[in-house]
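Me: Could you take a close look at one part of this model for me, and then set that part against the rest of the chain? I would like one connected account, with the cut-offs stated as the terms come up.

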Amino acid sequence: MERMPTFEKHGHDELLPRQIKELGLKLEGSPVEAYVLQLYKELEAKGLNHFRPACYLTDEWGCPSEEPVIGIPFYLADRRLRAIESAMNDVEDDREIMMYLRHEAGHAFNYAYEFYKTDDWRDMFGPFRRAYLDEYQFVPFSRAFVRHIAGWYAQKHPDEDFAETFAVWLTPRSNWREKYKGWGALKKLRYLDRLAHDVADLPPVRALGEIDFTVEQMEETIEEFYRQNVTDESEEIAQLALDTDLVDIFHPREDQTDEQIRPAEQLINEHRKQLVDKVAYWTGVRRTLVKSLVDAIVTRVEELGLVAEREKQRTHMLELTVYVTSLATTYLSKGKFNQ
């Protein structure tokens, strides 16, 4: 049976049956336009006088292969849609939006000046035509790659390595020369810095790119979009037997007053996004699975009536973070949760 996504706690049910293409979404004048303008300011500050990649609304973050354009998720252009995305997937915050924009700008920079066609680029990053795998083997804490997007993403493919290197180089106050001192990744950053200097006053080889799929072409409704795109992790989560561990981290309510304790699910929910983000970042386990794991924990502590001692809230969250990280790394190594 197909699992239905839930749309609770966003307050915009009236949008669910609407076709996305009929919502009249535009980048210009939308909340996300300010981030695009910030990206352009950062490119200007780095001396790239002719590189301003076109941005457009589409179904997800992306840069079509070899096309110097940037696709931005449509839900960022409307505050009501952001609320729905937040309920479903944890919407990107300001920092994350800029991280993704800088990363996609790295792809666009590569394609606009066709660096990937040169021997120097191939010697530095690897073959551009290497097979692109969704599931990739990575080496945690490798110093041959920069760290930017979660999941050791620079190790996914040579093109991603370049885009991540560009993003770190572009980020204001990243202090990349000092931060990556002694790393193999520093050679890549210096190479990119030279490239940017060389083309600073040159127009791109490909100033314009072809946009592959726009928000005006999205015929599905909002509900259909999330039905198709929300990952069902229920089979993996079903492996878990959480009760004994959660009772060890928290505890059942006894005779304590409300001044002494609070519901454990309240404490976890306060830090849920940070917990999911950091575990996914440091373990490389896909974010949807980490989110489903934490959501299952929230549900179970509520069902068990567990509480957190107010004076030990930091200890509770520290233990929970270690626990979730342990489960995630076990899944990463064995392909399943194995307690």
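The part I have in mind is the loop between helix 4 and helix 5, and the reply below starts from there.

Reply: This is a predicted model, in which local features need pLDDT of at least 70 and side-chain atom pairs count only at pLDDT 80 or more, whereas totals for chains, interfaces and linings use all residues. Residues are numbered from 1 along each chain as its sequence is written, and side-chain values use heavy atoms, with hydrogens and water left out.

The loop you ask about lies between helix 4 (119-125) and helix 5 (158-170), where helices (H or I, at least four residues) and strands (E, at least two) are DSSP runs numbered from the N terminus. Histidine 157 is found in this loop, and histidine 157 is buried, with a relative accessible area of 4%; buried here means under 20% relative accessible area, exposed means over 50%, and partly exposed is what lies in between, with a 1.4 Å probe and protein chains only. When its neighbours within four places in sequence are left aside, histidine 157 is in contact with Pro127, Phe128, Arg130, Ala131 and Tyr132, a contact being heavy atoms within 4.5 Å. As a longer reference distance, the C-alpha atoms of histidine 157 and threonine 329 are separated by 22 Å, the two residues being 172 apart along the chain.

Tryptophan 152 is found in the same loop, between helix 4 and helix 5, and its backbone deserves a note: phi is near 50°, a positive value in a residue other than glycine. Tryptophan 152 counts as buried, at 7% relative accessibility. A useful counterpart is arginine 173, which lies in the loop between helix 5 and helix 6 (176-179); phi of arginine 173 is near 60°, again positive in a residue other than glycine, but arginine 173 counts as exposed, at 81% relative accessibility.

The two helices that flank the loop are also linked through their side chains. Rings of Phe, Tyr and Trp (its six-membered ring) are taken to pair if their centres lie within 6.5 Å, with planes under 30 degrees apart counted as stacked, over 60 as edge-to-face and the rest as tilted. By this rule the count comes to 28 aromatic pairs. One of them is formed by phenylalanine 125 and phenylalanine 162, and it is edge-to-face, at 5.4 Å centre to centre and with 75° between the planes. This pair links distant parts of the chain, since phenylalanine 125 is in helix 4 and phenylalanine 162 is in helix 5, 37 residues apart. Both partners are covered: phenylalanine 125 is buried, with a relative accessible area of 7%, and phenylalanine 162 is buried as well, with a value of 0%.

Elsewhere in the chain, methionine 99 has its place in helix 3 (residues 94-113) and is buried, with a relative accessible area of 12%; apart from neighbours within four places in sequence, methionine 99 is in contact with His148 and Ile149. Lysine 291, found in helix 12 (residues 287-304), counts as buried in spite of being a lysine, at 11% relative accessibility, and with the same neighbours left aside lysine 291 is in contact with Met88, Asn89, Asp90, Arg272 and Val276. Valine 307, in strand 5 (residues 306-309), counts as buried at 6% relative accessibility, and its contacts beyond four places in sequence include Phe250, Pro252 and Ile261. Valine 307 also gives a sense of separation from helix 5, as its C-alpha lies 43 Å from that of glutamate 160, 147 residues away in sequence.

Taken as a whole, the protein chain has 13 helices and five strands. Its radius of gyration is 22 Å, close to the 20 Å that the globule rule gives for 339 residues, so the chain is as compact as a globular protein of that length; the radius is taken over C-alpha atoms, and the rule is 2.2 Å times the number of residues to the power 0.38. Buried residues make up 50% of the 339 residues, and among contacts between residues at least 6 apart in sequence, 73% join residues at least 24 apart.
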